[in-house]
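Me: Please take a close look at one part of this structure for me. I would like the surface described first, then its surroundings.

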Amino acid sequence: MNIAALLSAPLAVQIHALAALSALLLGTGQLLAPKGTLPHRMTGWLWVVLMAVTALSSFVFVWGPGFNGLGPIHILSVITLVSLVGLVRAARAGNIAAHRSGALWLFVAALVITGAFTLLPGRLMHCVAFTAPGTLCPPDTP
């Protein structure tokens, strides 16, 4: 594991990675823990904040092609922000089925699947996860 590669990345990338990893771990706990309890609601709010930070921080770092450096992945960030509002509204309205399915969909799409793509060769998180400490990592690519 090459944590130095992440620590040498721009601050926005560090914040994005920390928020995403924290949301992944916290979300896993949320899926396994009892639902409807005070701890579930409090942890859920923290998860919403972490997901919002993850989505919003993605707009800070942009790459070449696309609309002003924004690419297709940023569509997921917008969907994430809209989905978070929907999840909170569904829970507050007592529509637990919509809340549950929306939260699960967002967890899988925005954290598990998208997170798996960050582990592809040539990506910063691949270097962090799979190279020895001190290894020089190439710049991240979109």
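**A nonpolar patch and its setting**

Reply: Leu 32 is found in helix H2. Keep in mind that this is a predicted model. Is Leu 32 buried or exposed? Leu 32 is exposed, because its relative accessible area is 71% and the cut-off for exposed is over 50%. In space, the C-alpha atom of Leu 32 is separated from that of Gly 102 by 16 Å. Along the chain, Leu 32 and Gly 102 are 70 residues apart.

Leu 32 belongs to a nonpolar patch on the surface. Its partners there are Leu 31, Leu 104, Val 108, Val 112, Ile 113, Phe 117 and Leu 120. Together, the residues of the patch have about 730 Å² of accessible area. Which elements give two or more residues to the patch? They are helix H2, residues 11–32, and helix H5, residues 96–117. H5 gives the most, with 5 residues. One patch member found in helix H5 is Phe 117.

Now follow H2 away from the patch. H2 packs with helix H3, which covers residues 38–57. The axes of H2 and H3 are 8 Å apart. The angle between H2 and H3 is about 150°. H2 and H3 are therefore roughly antiparallel to each other, since the cut-off for that term is over 145 degrees. Their crossing is left-handed.

Next, the whole chain. How many helices and strands does the chain have? There are 6 helices and 0 strands. Read from the N terminus on, the order of elements is α-α-α-α-α-α. The C-alpha trace spans about 50 × 35 × 20 Å along its principal axes. The chain has 142 residues, and buried residues make up 32% of them.

One more site is worth a look: Pro 133. Where is Pro 133 placed? Pro 133 lies in the segment after helix H6, and H6 covers residues 124–130. Pro 133 counts as exposed, because its relative accessibility is 64%. Pro 133 is 129 residues apart from Ala 4 in sequence. In space, Pro 133 and Ala 4 are 6.9 Å apart, C-alpha to C-alpha.

To recap, start from Leu 32, an exposed residue in helix H2. Leu 32 is part of the nonpolar patch, to which H5 gives the most residues. H2 also packs with H3, and the two helices are roughly antiparallel.

Terms used. Residues are numbered from 1 along each chain as its sequence is written. This is a predicted model: local features need pLDDT of at least 70, side-chain atom pairs count only at pLDDT 80 or more; totals for chains, interfaces and linings use all residues. Side-chain values use heavy atoms; hydrogens and water are left out. Patches are made of residues with over 30% relative accessible area and no salt bridge: like charges are joined within 9 Å, nonpolar side chains (Val, Leu, Ile, Met, Phe, Trp, Tyr) within 5 Å. Accessible areas come from the Shrake-Rupley method with a 1.4 Å probe; for residues, only the protein chains shown count as cover. A salt bridge is a side-chain nitrogen of Lys or Arg within 4 Å of a carboxyl oxygen of Asp or Glu. Helices (H or I, at least four residues) and strands (E, at least two) are DSSP runs, numbered from the N terminus. Buried means under 20% relative accessible area, exposed over 50%, partly exposed in between (1.4 Å probe, protein chains only). Axes are lines fitted to C-alpha atoms, for helices over the stretch in contact, and angles run from 0 to 180 degrees between N-to-C directions. Angles under 35 degrees count as roughly parallel, over 145 as roughly antiparallel, 65 to 115 as roughly perpendicular and the rest as oblique. A crossing is left-handed if the near helix is turned anticlockwise from the far one by less than a right angle, and right-handed if clockwise.
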